[in-house]
Amino acid sequence: MVAARVGGRVSIPLMLASSADRLGESPAVIDGETRFNYGELLEEARRFGAALVASGIEPQDRVAIWAYNSAQWVVAVLGIFEAGAVLVPVNTRYKGVEAADILLRSRAKALITVTDFLGVDYVTMLADTGVELADLATVVAVGPASEGTESWDGFTARATDGARAEVERRSAALGVDDPSDILFTSGTTGAPKGVVQTHGRTLSVATDWVAMTGLVPGDRYLMVNPYFHMFGLKAGILAAVCAGATMLPEAVFDVDRVLSMVGKAGVTVLPGPPTLYQGILDHPDRDRYDLSTLRVAVTGAADIPVELIRRLHDELPFSTIVTGYGLTEGGTAVATSPGDDVETIANTVGRPRPGFELRIVDDHGNDVASGAAGEILLRGRSIMAGYLDDPQATAEAFAPGGWLRTGDLGIVDPTGCLRIVGRSKDMFIVGGFNAYPAEIENGILRHPEVQQVAVIGVPDRRLGEVGMAFVVTVPGSSLDGSDLIQWCRGQMANFKVPRVVEIVDELPLNATGKVLKDVLRARAARDRPGMPM
């Protein structure tokens, strides 16, 4: 692992410089025809940082990236850190109004974006909102430039010798408590909040992920997780730089391309949501591809079927399979270990990572009895500095003693492993019994014809609330809702059995693979007017 500490200082530029010094000729990024070794990546990052300085970016100014995974994304984010600025990533699925809100609230002074992603011009979409972004002075286009933008090459040509010298001064002055990034929460409920992190906290996430997975120099890391998300940024780009692994950015997830890339590029590390692995395992032509290099799989969700983990273990060459639990406010806090059995990996998210503490508490903040459900509280070295410009929300997020309230519900089993049973807001009460959606979803996923499921609570005149399940079945299945309800009655307590099952083609997901349950609630209210919503 490459050091990020020099003389008591800790920063991302120090980590990059250390990697370049140690592994200068090793490949750092391969993105089609664009290739950089670690020495070249350091030079490109400093050049981009110098261009930011020349454009007027000052230390701790915010610079946003609204673009798909690419070599330019890697260069830009490292350049932002070199210039002493603060990264603000923007979700690639956001529409113009949503992106404008993030840029406005963060007071971003520069934006790196694209004009031609999947037929969408982000710059035009932003302009069409009519939102005045008074702080935004510079817009750099990755790919074709348009009116009001600078081309990538034109922008980086701004880097003067004086600006380069200033970059070296700024990066050398950075320390553990300097702000590094503001990631906005996924926004599945309410307005996204900006999570402010520091170089020390962010590097804790990256370095621990390297230790957790065994990432090493020479690993080929196929990056499907979007860079705007913590997984893609901190467990992706920064973890790879820390270890000296080779980054292989993927702009759009496509199973055929992933399978092809594994063989062509010798991919060894392939993290992603459970749907990534399900797509690979179920691909009809999987045997045509050379997957022999695959070594590390990392995933996370409350509803991973045991059978999926078993198939990963039995049918693919992964020697390390890890599931974990993390959040924007703190990074990966809990994870399984490489030696855990498939039931532990599928049904739990493991034990707290080094430097993290975990508590399960009731509504009054008291620790619950062993094996009981309650809210997950976390304390650790990478827990956020706070929410951007929101002291009230920051104060509400912490319990006495510096414990972060996650809003997630969990149970610690007798082995010390954490099992996620849902969000506190998602829990519903059926005739006086607490029902946890993730627990019910796990039960339904045991049905051999169920591929995906999401459970919500809906009003009921007699019981107060009951469960409603949205189910995606395996291809060719003839399973219907009444059959599944009957099956559930033999598998779980009656209060957990969904009273309504709707078979759907797909579940609504955000860009990081989380089910948008608010969308499902709205759909239930709209499509079932007879129910007392």
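The legends below describe close-up views of one predicted model, starting with the whole chain.

Residues are numbered from 1 along each chain as its sequence is written, and side-chain values use heavy atoms, with hydrogens and water left out. Because the model is predicted, local features need pLDDT of at least 70 and side-chain atom pairs count only at pLDDT 80 or more, while totals for chains, interfaces and linings use all residues.

**View 1. The whole chain, with 17 helices and 28 strands.**
Helices (H or I, at least four residues) and strands (E, at least two) are DSSP runs, numbered from the N terminus. The radius of gyration is 23 Å, close to the 24 Å of the globule rule for 533 residues, so the chain is as compact as a globular protein of that length. That radius is taken over C-alpha atoms, and the rule is 2.2 Å times the number of residues to the power 0.38. Along the principal axes, the C-alpha atoms fill a box of roughly 75 × 50 × 45 Å.

**View 2. Cover, contacts and charge across the chain.**
Of the 533 residues, 56% are buried. Buried means under 20% relative accessible area, exposed over 50%, and partly exposed in between (1.4 Å probe, protein chains only). Among contacts with a separation of 6 or more, 67% join residues 24 or more positions apart. A contact means heavy atoms within 4.5 Å. The chain exposes about 21400 Å², and carbon and sulfur atoms supply 49% of this area. Accessible areas come from the Shrake-Rupley method with a 1.4 Å probe; for residues, only the protein chains shown count as cover. There are 48 positive and 66 negative side chains, and the centres of the two sets lie 4 Å apart. Lys and Arg count as positive, Asp and Glu as negative; His and the chain ends are not counted. Each charge is placed at NZ of Lys, CZ of Arg, CG of Asp or CD of Glu.

**View 3. An open sheet of four strands, S14-S15-S16-S17.**
The pairing in this sheet is mixed. S14 and strand S17 (351-352) stand at the edges with a single partner strand each, so one side of each is left without a neighbour in the sheet. Two strands pair if DSSP finds at least two bridges between them. Strands of a sheet pair through backbone hydrogen bonds, either parallel or antiparallel.

**View 4. Strand S15 and its two partners, S14 and S16.**
S15 (residues 320-327) is mostly covered, with seven of its eight residues buried. Strand S14 (residues 296-299) runs parallel to S15, joined by four bridges. Val296 has Thr320 of S15 as its bridge partner. Thr299 is bridged to Thr323, also in S15. Strand S16 (residues 331-335) runs antiparallel to S15, again through four bridges. Here Leu327 has Gly331 of S16 as its bridge partner. A hairpin of three residues joins S15 to S16.

**View 5. Asp208, a buried acidic side chain in helix H8.**
Helix H8 covers residues 199-213 and holds Asp208. The relative accessible area of Asp208 is 8%, so this residue counts as buried. Leaving aside neighbours within four places in sequence, Asp208 is in contact with Thr332, Arg353, Pro354 and Arg381. Thr332 falls within the residue range of S16, 331-335.

**View 6. Asp505 and Glu506 in the loop between S28 and H17.**
The loop runs between strand S28 (500-503) and helix H17 (517-527). Asp505 is exposed, at 77% relative accessible area. Its C-alpha lies 8.2 Å from that of Val471, 34 residues away in sequence. Glu506 is exposed too, at 60%. From Glu506 to Val453 the C-alpha distance is 9.3 Å, across 53 residues of sequence.

**View 7. Gln60, a positive phi outside glycine.**
Phi of Gln60 is about 70°. The residue sits in the loop between helix H2 (38-54) and strand S5 (62-66). With 44% relative accessibility, Gln60 counts as partly exposed.

**View 8. Leu118, a residue other than glycine with positive phi.**
Phi of Leu118 is near 55°. Its loop lies between strand S7 (110-113) and helix H5 (122-127). Leu118 is exposed, with a relative accessible area of 64%.
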